Amino acid sequence: LTIMSKKDMKAYWKENLGYLAILLSIWFLVSYVFGILLVDQLNSIKMGGFKLGFWFAQQGSMYVFVILIFVYVRLMNKLDKKYGVDE
């Protein structure tokens, strides 16, 4: 167990919250903007025989969410190692 200084704790959480903000913004973009707001424009593009707007609304946002979970785990593992709090 490594004890971090208050400065390191603040830096750690600042980076963590930065990662969260970026990843949640990507999820918002894919699920809300692509799946709802831009669905008509994206439906003019076909992907695998389906309209792209429909695909984002039905499946794409879920796939992106799962990918973002793995990206977050990877980023947090690197962050933990950087600050010496990895397992």
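A salt bridge is a side-chain nitrogen of Lys or Arg within 4 Å of a carboxyl oxygen of Asp or Glu. By that criterion, a search of the whole structure, which is a predicted model, finds one salt bridge. The partners are Glu-15 and Lys-82, whose side chains meet at 2.9 Å, N to O. Glu-15 belongs to helix α1 and Lys-82 to helix α3, so the pair ties together parts that are 67 residues apart in sequence. The two residues can also be described by their accessibility. Glu-15 has 22% relative accessibility and therefore counts as partly exposed, since buried means under 20%. Lys-82 has a relative accessible area of 56%, so this residue is exposed, the cut-off being over 50%.

Confidence comes next. The chain has a mean pLDDT of 91, and 98% of its residues reach 70 or more. Helix α1 has the highest confidence, with a mean of 94, while strand β1, residues 46-47, has the lowest, with a mean of 86.

The interior can be read through its nonpolar cores. The largest of them has eight residues: Leu-23, Val-30, Leu-42, Leu-52, Trp-55, Phe-56, Val-64 and Leu-68. Two elements, α1 (6-37) and α3 (52-82), each give two or more residues to this core. Helix α3 gives the most, with five residues. Val-64, a member of the core, is in contact with Ile-26 and Val-30 once its neighbours within four places in sequence are left aside. There is also a second, separate core of five residues, which includes Met-4, Tyr-12, Met-76 and Tyr-83.

Met-76 leads on to a polar residue. Asn-16 lies in helix α1 and touches Met-76, along with Tyr-72 and Leu-79, not counting residues up to four places away in sequence. With Tyr-72 there is also a polar contact of 3.1 Å between the side chains. Asn-16 has 3% relative accessibility; the limit for buried is under 20%, so Asn-16 counts as buried.

Aromatic residues form another part of the picture. A search of the whole structure finds eight aromatic pairs. Ring pairs join Phe-34, Trp-55, Phe-56 and Tyr-63 into a cluster. Two members of this cluster, Trp-55 and Phe-56, are also listed in the largest nonpolar core.

Phe-34 is found in helix α1. Its relative accessibility is 22%, so Phe-34 counts as partly exposed. A nonpolar core is a set of buried residues, and Phe-34 is therefore outside the definition of a core member. Leaving out residues up to four places away in sequence, Phe-34 touches Leu-29, Val-39, Leu-42 and Phe-56. Of these, Leu-42 and Phe-56 are in the largest core. Phe-34 and Gly-60 are 26 residues apart along the chain, and their C-alpha atoms are separated by 9.3 Å.

The last stop is the loop between β1 and β2 (50-51), where Gly-48 has its place. Gly-48 has a relative accessible area of 72%, which means that this residue is exposed. Its C-alpha atom is 22 Å from that of Leu-29, with the two residues 19 apart in sequence. Leu-29 is one of the residues that Phe-34 touches.

Methods: Residues numbered from 1 in each chain as written. Predicted model: local features only at pLDDT ≥ 70, side-chain atom pairs only at ≥ 80, totals over all residues. Heavy atoms only, no water. Core = buried A, V, L, I, M, F, W, Y, C linked by side-chain atoms within 4.5 Å. Buried < 20%, exposed > 50% of the residue type's maximum accessible area, 1.4 Å probe, protein only. Helix = DSSP H or I, 4+ residues; strand = E, 2+ residues; numbered from the N terminus. Contact = heavy atoms within 4.5 Å. Phe/Tyr/Trp six-rings, centres within 6.5 Å; stacked < 30°, edge-to-face > 60°. Polar contact = N/O pair within 3.5 Å; in protein donor to acceptor, adjacent residues only side chain to side chain. pLDDT = per-residue confidence, 0-100.
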